[in-house]
Each structure stands twice: as structure tokens, then as C-alpha cells.
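Open the model in your viewer and keep the sequence beside it. The tour below goes from one selection to the next and says what can be found at each stop.

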Amino acid sequence: MTATEKRVVRPYGDTTGDGMVQVSFTLPVPPGPKAEGAAMQLASKMGLDPAMIVHSHGIGGDFTFFVVYGSAKHVVDLEQVTVVEREYPLLSPSEVNTEVRKLLRRKLAVVGGCIGTDAHTVGIDAILNIKGFAGEKGLEYYRELRVVNLGAQVTVPELVKRARAEKADAVLVSQVVTQRDAHILNTQEMSAAFREAMGDRRPVLIAGGPRFDPMMAGELGVDRVFGRGTTPGEVASYLVHSLKANRAVVDRT
């Protein structure tokens with residue numbers, strides 16, 4: 001295998017490099033031959049060749065749901081893939097506690113919640129609550145972290161006011177509702193409000209949710225974006241990393 005072949009990949013289904021993928025979608029067409037023909041044409045335009053419909057089901061008489069299996073023509077050059085790499089080590093809870101105590105000589109204050117109309121607290125609870133996620137305990141478990149979980153549907157002014165009252169070192173917001181890019185607009189409103197209210201003395205701003213791309217931090221105006229599958233330990237380790245980075249900036253000035 002050449003160096004070029006190693007960096008270029010295709011999906012794997014039955015045999016290595018066969019390009020086989022499975023996609024699902026709904027068409028606003030009643031079930032029948034016309035709907036299946038439209039689904040096959042769409043699959044072809046998506047680059048699936050050959051393709052086959054492995055499942056179809058009418059929805060409400062006017063829509064049809066499809067599952068299509070086929071071979072994708074496209075390849076991915078791994079050298080052209082840009083992602084946010086974790087630039088800090090993962091620390092154990094005891095290591096996080098030790099570092100916070102050494103850096104701050106007090107507890108690190110964290111305020112979190114779901115902003116806007118978002119009432120989905122599963123994500124923020126998984127990070128903040130002691131029960132945690134994926135076998136890891138949440139930030140409430142960390143002895144040197146003081147956690148305030150504001151829950152669901154917190155307005156941006158309420159979040160800023162509470163963060164100031166708690167003298168928050170970090171603010172975590174979770175966004176699951178994404179219709180009309182609500183998660184993006186809400187987070188941008190939040191970051192702008194903190195900058196207007198607190199300027200350079202604002203807390204570290206962290207956004208998380210299944211539809212966020214970690215590459216969006218600059219666009220959103222936050223310090224870090226965490227996506228699907230993030231664990232409490234990753235967030236806690238990042239908080240220590242940001243503390244050290246801020247301390248280094250202060251020392252240089």
C-alpha cells in the first residue's frame with residue numbers, strides 16, 4: 001500500500017474499500033413506484049452506485065420513508081480533514097482538584113444551563129450533575145469546583161446576572177434545540193452579552209450540544225465548543241487548561 005493509498009479512505013461495508021453506506025430520508029411523495037423511482041434517482045445524485053432500496057414505509061399517506069444501501073463513489077483525503085485536536089491532557093478528578101487548588105487557592109465557580117427556549121437538560125446535567133455520563137461523575141463531584149446548575153430555559157440576561165453574582169470562572173451552556181439555527185443565534189447572543197457586561201473580565205465561555213461543530217468557537221464567540229459524546233472529565237480538564245493559559249497571559253503582562 002502506497003502513502004497516498006493510506007491517506008485516502010472510502011466507507012467500509014462488506015469488503016474493505018467497497019464504499020458501501022446506508023442512508024435514510026423521507027420524500028413528500030405517496031408510497032408507490034413513483035416514490036421509489038424518485039428515491040433511486042436521489043441516491044444516484046448523492047453518488048451511490050449501485051444502490052438499492054432496502055426499506056420503504058408510507059407516512060400519513062403523503063410521505064414515504066426510505067432506507068437505501070449503496071456504494072459511494074467519493075473518497076476522503078485524510079490530509080485534508082481539519083478538526084479541533086485536544087491540546088491538553090485528560091486529568092483525573094484528583095489531578096483536577098490539585099491543579100485548581102494550586103492555581104486559584106479557592107474553588108473554581110462554574111455556572112451552567114440551557115439558554116433560550118431550550119428545555120433539554122440531559123446534556124448539561126450529564127456534565128454538571130454528580131451522576132455524570134459514560135462512567136464518569138459530573139463536575140459536582142469535584143471537590144474544588146463549585147457548580148451552579150440553572151437548568152432549562154434560562155434567558156441570557158438571567159445567565160449573565162447569575163454568573164456575576166456567583167463570580168463565575170466558567171459558564172457552560174447547552175443547546176439541543178436547533179430549528180432555524182436557534183443554537184447558533186442563542187450562543188452568539190450569550191457571548192455578546194457577556195462581553196458587553198464584563199469585557200475582558202468575563203468568565204470562560206463553553207458551549208455544547210449534538211449539533212455544534214467544535215470548529216465553530218470563533219463564529220459563536222466562545223472559548224470552546226464541545227460536541228456529542230463529551231464527558232465531564234474532558235470539560236474539567238479543559239477548565240484547568242484554560243486556567244493555566246490565562247495565568248500565563250497574566251504573567252507575560
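**First stop: an aromatic cluster**

Select Y88, F226 and Y238, which together form one aromatic cluster. Keep in mind throughout the tour that this is a predicted model.

Within this selection, turn to F226 and Y238, whose ring centres are 6.0 Å apart and whose planes stand at 80 degrees, so the pair is edge-to-face. This pair links distant parts of the chain, since F226 belongs to strand β10 (residues 224-226) and Y238 to helix α8 (residues 232-252), 12 residues apart. With a relative accessible area of 8%, F226 is buried, and Y238 likewise counts as buried, at 6% relative accessibility.

Now add R86 to the selection and look at Y88 again: the charged end of R86 sits over the ring of Y88, 6.0 Å from its centre. For another arrangement of this kind, select K137 and Y141, where the charged end of K137 sits over the ring of Y141, 5.7 Å from the centre of that ring.

**Second stop: two strands joined by rings**

The structure holds four aromatic pairs, and one of them is made by F25 and F66, a tilted pair with 5.9 Å from centre to centre and 40 degrees between the planes. Because F25 lies in strand β2 (residues 20-27) and F66 in strand β4 (residues 63-72), the pair ties together parts that are 41 residues apart in sequence. If you switch on a surface display here, bear in mind that both F25 and F66 are buried.

**Third stop: salt bridges**

How many salt bridges does the count come to? The count comes to 11 salt bridges, and three of them are visited here, beginning with R7 and D77, whose side chains meet at 3.3 Å, N to O. This pair links distant parts of the chain, with R7 in helix α1 (residues 3-7) and D77 in strand β5, 70 residues apart. R7 is partly exposed, with a relative accessible area of 30%. Adding E79 to the selection shows a network of salt bridges in which R7, D77 and E79 are linked.

Move on to helix α3, where E99 and K102 both lie, three residues apart, which is about one turn of the helix. E99 forms a salt bridge with K102, and the closest N and O atoms are 3.6 Å apart. Is each partner buried or exposed? E99 is buried, with a relative accessible area of 15%, whereas K102 counts as exposed at 54% relative accessibility.

Next select R202 and D223, the side chains of which meet in a salt bridge of 2.8 Å, N to O. R202 is in the loop between α6 (182-198) and β9 (204-208), and D223 is in the loop between α7 (217-220) and β10, so the pair ties together parts that are 21 residues apart in sequence. D223 is partly exposed, with a relative accessible area of 30%.

**Last stop: a nonpolar patch**

Finish on the surface by selecting V9, V76, L78, V81 and V83, which make a nonpolar surface patch of about 370 Å². Among these residues, V81 can be found in the loop between β5 (76-77) and α3 (93-104), and it counts as partly exposed because its relative accessibility is 43%.

Methods
Residues are numbered from 1 along each chain as its sequence is written. Side-chain values use heavy atoms; hydrogens and water are left out. Patches are made of residues with over 30% relative accessible area and no salt bridge: like charges are joined within 9 Å, nonpolar side chains (Val, Leu, Ile, Met, Phe, Trp, Tyr) within 5 Å. Accessible areas come from the Shrake-Rupley method with a 1.4 Å probe; for residues, only the protein chains shown count as cover. A salt bridge is a side-chain nitrogen of Lys or Arg within 4 Å of a carboxyl oxygen of Asp or Glu. Helices (H or I, at least four residues) and strands (E, at least two) are DSSP runs, numbered from the N terminus. Buried means under 20% relative accessible area, exposed over 50%, partly exposed in between (1.4 Å probe, protein chains only). Rings of Phe, Tyr and Trp (its six-membered ring) pair if their centres lie within 6.5 Å; planes under 30 degrees apart count as stacked, over 60 as edge-to-face and the rest as tilted. A charge sits over a ring if NZ of Lys or CZ of Arg is within 6 Å of the ring centre and within 35 degrees of the ring normal.
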